Amino acid sequence: MVQVKLLPTPEQAAALEATLRGCNQAADLVARTAFTTQITREYDLRKHTYTVLKARGLGAQAAQHVIKKVADACTTLKANLRAGNLGPPGSPRRTRAESKPIAFRPHAAQPYDDRCLSWQIEARTVSIWTVRGRLRGVAFTASAAQLKTLALYRKGESDLLCRDGMWFLIATCDVPDRPVAVPDGFLGVDLGIANIATTGDGARHSGKGLNAVRHRNRELRRRLQAKATTSAKRLLKKRRRAEARFAADTNHVIAKRIVTEAERTGRGIALEDLQGIRERVRLRKPQRVTLHAWSFAQLGGFIAYKARRAGIAVIHVDPAYTSRQCSACGHTDRANRPEQAVFSCTSCGFAEHADVNAARNIAARGVAGWAVSHAA
């Protein structure tokens, strides 16, 4: 995905805003029809709503995309219900989700295809359909690398998005992955809270700075919410994505360093499979805030896609007892880890930083997992 920032004139911005509002109001109408009739297949929804959307002033392609957006949202809702992501049957959250039609925010993203959006990459402009007619020459800004990716690999739909008064186009790009090289061993990565990521080579990426920022922002939000004045609410709205951007930038930097080290040494990357950890772990209330703010999935995703670009093998392993198992002799005991940062084997006497020891166990499991999966 390549995200570029649009630079519309006030008149163009008004047309874009009217388009998003109109498309999402139409999506609400289609969603109500789907809820009432229990029809969620795109083709069947089209029979019931296409003519109505055209009568509301939407173009043919825009109407098709609105219907598809609703059908995809219905599919996602059903998948979440089946997976139990909205709670067990009868729970309040699940009951709320099942008892009303899907609703779309006024500025929710709207997909465009090449019939209603065209790119002039050299001129850095786009021509885009709106409910007020075709807008030509809408300027956008992008880096040289983004322009190159758009020119070579853009394929499929692009999404129009408004965020905090700024306009963006998110273009889908089909960038081919490099062939995965046979790894000469694995670089184990232990993910944590005190240390965001620790490698088996001993490199530790501390989470102290990020945790401090989160704590400071949490206290600031608490005070502003208690104050509840107009200026406090305005400041809350202004800062609502600052922490997420800071965390994402931190994860990008860490992921790049890990992938660069693995590429330099010709190794693959072994990560813990932490899916469902929030449901498995039982913590006291003060610790839950830290756990739920922990963006381990985002960091793992960043490492995975950067590794694919570099042709580096990535494998996910079972994280059970990696923090209690000795990487030297294999002895596993709860007493091996007397403190959060200390590992001392009660069998062979091996001592190491606890996260480094866990990362080495992850690397060993990565080697074993790769051998099993590629035995043929």
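**Cores, a pocket and unpaired cysteines**

Leaving aside residues up to four places away in sequence, Leu6 is in contact with Leu16, Val126, Val138, Ala139, Phe140, Leu160, Trp167, Phe168 and Leu169. This is a predicted model, and the contacts of Leu6 offer a way into its interior.

Leu6 belongs to the largest nonpolar core, a set of 43 residues in which Leu6, Leu53, Leu58, Trp119 and Leu160 have the most contacts. The greatest contribution to this core comes from helix α1, spanning residues 10–37, which supplies 10 residues. Another core lies apart from it and comprises 22 residues, including Leu191, Ala247, Phe296 and Phe302. In soluble globular proteins, the burial of nonpolar side chains together is a general tendency.

From the cores we turn to open space. The second largest pocket encloses about 560 Å³, and among the 18 residues that line this pocket, those closest to its centre are Met1, Val2, His252, Tyr305 and Arg309. At least two lining residues come from each of β1 (2–7), α5 (144–153), α8 (242–265) and α11 (296–310), with α8 giving the most, namely four residues. Sorted by class, the lining of the second largest pocket consists of eight nonpolar, five polar and five charged residues.

Two further residues can be placed against their secondary structure. His205 sits in strand β10, which covers residues 204–206, and, because its relative accessibility is 13%, His205 counts as buried. Beyond residues up to four places away in sequence, His205 touches Asn195, Ile196 and Ala197, as well as Ile254, Arg257 and Ile258. Arg218, by contrast in topic, is found in helix α6, made up of residues 208–227, and its relative accessibility of 30% is why Arg218 counts as partly exposed. Although Arg218 and Glu243 are 25 residues apart along the chain, their C-alpha atoms are separated by 9.8 Å.

The cysteines close the tour. Why does Cys116 form no bond with the closest cysteine sulfur? The sulfur of Cys116 is 9.1 Å from that closest partner, in Cys23, and is therefore too far away for a bond, given that a disulfide requires the two sulfur atoms to be within 2.5 Å. For Cys162 the closest cysteine sulfur is likewise in Cys23, at 14 Å, so a bond is ruled out by distance there too. Cys116, with 6% relative accessibility, counts as buried, and Cys162, with 12% relative accessibility, also counts as buried. By the distance rule, the count of disulfides comes to zero.

Terms used:
Residues numbered from 1 in each chain as written. Predicted model: local features only at pLDDT ≥ 70, side-chain atom pairs only at ≥ 80, totals over all residues. Heavy atoms only, no water. Core = buried A, V, L, I, M, F, W, Y, C linked by side-chain atoms within 4.5 Å. Buried < 20%, exposed > 50% of the residue type's maximum accessible area, 1.4 Å probe, protein only. Contact = heavy atoms within 4.5 Å. 1 Å grid on protein atoms, 1.4 Å probe; cavity = no way out; pocket = protein on both sides within 12 Å on 5 of 7 lines; lining within 4 Å. Points joined across faces, edges and corners; volume = space filled by probe spheres on them. Nonpolar A, V, L, I, M, F, W, Y, C, P; charged D, E, K, R; others polar.
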